[in-house]
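Thanks for coming. I have one model to go through, and I will keep it short.

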Amino acid sequence: NGLQIDGATADVMPAEPLDKKFEAFNWNVISVDGHDFSQLADALAKAKETKGKPTMILMHTVKGKGVSFMENNPGWHGTTIKTADYEAAMKELEAALNG
């Protein structure tokens, strides 16, 4: 999700390009939208088909996706959620599922 406790990984501890680094060690790399279940299912199927080398499924995600006060907010990394925040988050997620 590009975030860590101190902020954006690109600013604090850059690791990109992860796909190229793993490919350099002969890994099969499959990149997907980590919020798209059909892409995840396809990636798992492709990983099972790959023989002779390990597979890495690189999931591009958004921290706290779908919760207005959590989305892309590194302050929620490693933070225990309070009951009121949990209830507010669940309300937003349920509204998105039902709306």
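Take the contacts between residues at least 6 apart in sequence: 53% of them join residues at least 24 apart. Keep in mind that this is a predicted model.

Now the layout. There are four helices and four strands in the protein. Going along the sequence, the order is β-β-α-α-β-α-β-α. The radius of gyration comes out at 17 Å, and the globule rule gives 13 Å for 99 residues, so the protein is more spread out than a compact globule. Along the principal axes, the C-alpha atoms fill a box of roughly 50 × 35 × 20 Å.

Next, the surface. How much of the protein is buried? Of the 99 residues, 17% are buried. The exposed area is about 7,100 Å², with 57% of that supplied by carbon and sulfur atoms. On charge, the protein has 10 positive and 14 negative ones, and the mean positions of the two sets lie 7 Å apart.

One residue to look at on the screen is Asn-28. Where is Asn-28 found? It belongs to strand β3, which covers residues 28-33. Is Asn-28 buried or exposed? Its relative accessibility is 16%, and the cut-off for buried is under 20%, so Asn-28 counts as buried. What is Asn-28 in contact with, once neighbours within four places in sequence are left aside? The list is Thr-50, Lys-53, Pro-54, Thr-55 and Met-56.

That is what I have.

Definitions and conventions:
Residues numbered from 1 in each chain as written. Predicted model: local features only at pLDDT ≥ 70, side-chain atom pairs only at ≥ 80, totals over all residues. Heavy atoms only, no water. Helix = DSSP H or I, 4+ residues; strand = E, 2+ residues; numbered from the N terminus. Rg over C-alpha atoms; globule rule 2.2 N^0.38 Å. Buried < 20%, exposed > 50% of the residue type's maximum accessible area, 1.4 Å probe, protein only. Contact = heavy atoms within 4.5 Å. Areas by Shrake-Rupley, 256 points an atom, 1.4 Å probe, with all protein chains shown as cover. Lys, Arg positive; Asp, Glu negative; His and termini not counted. Charge placed at Lys NZ, Arg CZ, Asp CG, Glu CD.
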